[in-house]
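Colleague: Got a minute to go through this model with me? I'd like to get my bearings before I head back to the bench.

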Amino acid sequence: MSLRVGIGFDIHRLVTGRPLFLGCVEIPHDKGLLGHSDGDAAAHALADALLGAAGLGDIGEHFPPGDPEWAGAAGSRILEETRRLLEAAGVAPVQADLAIVAEEPRLAPYRQAMRESLARPLGLGPADLSVKARTHEGLGEIGRGEAIAVYAVALVDVAARR
Ligand code: MG
């Protein structure tokens, strides 16, 4: 095994009139994340961390905002395509850890579902996909419930890199 680490970050605005998709799970809330895709900041931060670890650029390059191919795209589709990009380069996802920063809704009840749903499209199990959630202590845009941000780190195995 030859390991490489990558970091990812994403933030999306929370707006009324959209379902909330986070960590490839639909979460009941009166607002959802705005985006060209379904706005799943957790899936996007994770994809960015994996692409970074693999040395394959970033999510904006592979999933350009405005590309009709990715309009309304589910986070799981973006992760499946990320896995395919890694595989084509001989790189395998190994493990990831996510920190979600959201004032609301309360995410603890959905943490296990998010672990499973984020791990599945990558061919990982929930034991290799950690999700943590915390608030922003009421500070700034995130603290006012206007946005959700996600930090991710990912390990990949490049032993079979082509
Ligand atoms: Mg995004």
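Colleague: How do strand 1 and strand 4 run, and how many bridges join them?
Modeller: They run antiparallel, with 3 bridges joining strand 1 (residues 3-16) to strand 4. Keep in mind that this is a predicted model.

Colleague: Which residue stands opposite Lys31?
Modeller: That's Thr16, with Lys31 sitting in strand 4.

Colleague: OK, zoom out. What's the strand order in the sheet?
Modeller: It goes 4-1-7-5-6, in an open sheet of 5 strands with mixed pairing. Strand 4 (31-33) and strand 6 (129-134) each have a single partner strand, so they stand at the edges with one side lacking a neighbour in the sheet. On average, neighbouring strands are turned by 20° against each other, direction ignored.

Colleague: And which strands does helix 4 touch?
Modeller: Helix 4 (residues 111-119) packs on the sheet and touches strand 5 (92-101) and strand 6. The helix direction makes about 140° with that of strand 6.

Colleague: Switching to the metal. What are the protein donors of the magnesium ion?
Modeller: Asp10 through OD, His12 through NE2 and His44 through ND1, lying 2.1 to 2.2 Å from the ion. Along the chain, the donors follow the spacing D-x1-H-x31-H.

Colleague: Where do the two histidines, His12 and His44, lie?
Modeller: His12 is in strand 1, while His44 is in helix 1 (residues 41-54), so the pair ties together parts that are 32 residues apart in sequence.

Colleague: Are His12 and His44 buried or exposed?
Modeller: Buried in both cases. His12 has a relative accessible area of 13%, and His44 has 7%. The cut-off for buried is under 20%.

Colleague: Now the aromatics. How many aromatic pairs are there?
Modeller: The structure has 2. One of them is Phe9 with Tyr151: the ring centres are 4.9 Å apart and the planes stand at 50°, so that pair is tilted. Phe9 belongs to strand 1 and Tyr151 to strand 7 (residues 147-157), so the pair ties together parts 142 residues apart in sequence.

Colleague: How accessible are Phe9 and Tyr151?
Modeller: Phe9 counts as partly exposed, at 39% relative accessibility. Tyr151 is also partly exposed, at 45%.

Colleague: What about the rings of Phe63 and Trp70?
Modeller: Their centres are 4.7 Å apart and their planes are at 80°, so this pair is edge-to-face. Phe63 is buried, with a relative accessible area of 7%, and Trp70 is buried too, at 8%.

Colleague: Last topic, backbone oddities. Which peptide bond is cis?
Modeller: The bond from Glu104 to Pro105, where omega is near -5°. Pro105 is in the loop between strand 5 and helix 4.

Colleague: Why is that worth pointing out?
Modeller: Because most peptide bonds are trans. By the way, most residues other than glycine have a negative phi.

Colleague: So where do Cys24 and Glu137 come in?
Modeller: Both have a positive phi without being glycine: near 60° for Cys24 and near 55° for Glu137. Cys24 lies in the loop between strand 2 (20-22) and strand 3 (25-27), and Glu137 in the loop between strand 6 and helix 5 (140-143).

Colleague: And how accessible are Cys24 and Glu137?
Modeller: Cys24 is partly exposed, with a relative accessible area of 21%. Glu137 is exposed, at 60%.

Key
Residues numbered from 1 in each chain as written. Predicted model: local features only at pLDDT ≥ 70, side-chain atom pairs only at ≥ 80, totals over all residues. Heavy atoms only, no water. Pairing = 2+ DSSP bridges. Helix = DSSP H or I, 4+ residues; strand = E, 2+ residues; numbered from the N terminus. Axes fitted to C-alpha atoms, helices over the stretch in contact; angles between N-to-C directions. Contact = heavy atoms within 4.5 Å. Buried < 20%, exposed > 50% of the residue type's maximum accessible area, 1.4 Å probe, protein only. Phe/Tyr/Trp six-rings, centres within 6.5 Å; stacked < 30°, edge-to-face > 60°. Donors = N, O, S within 2.8 Å, 3.2 Å for Na, K, Ca; no water.
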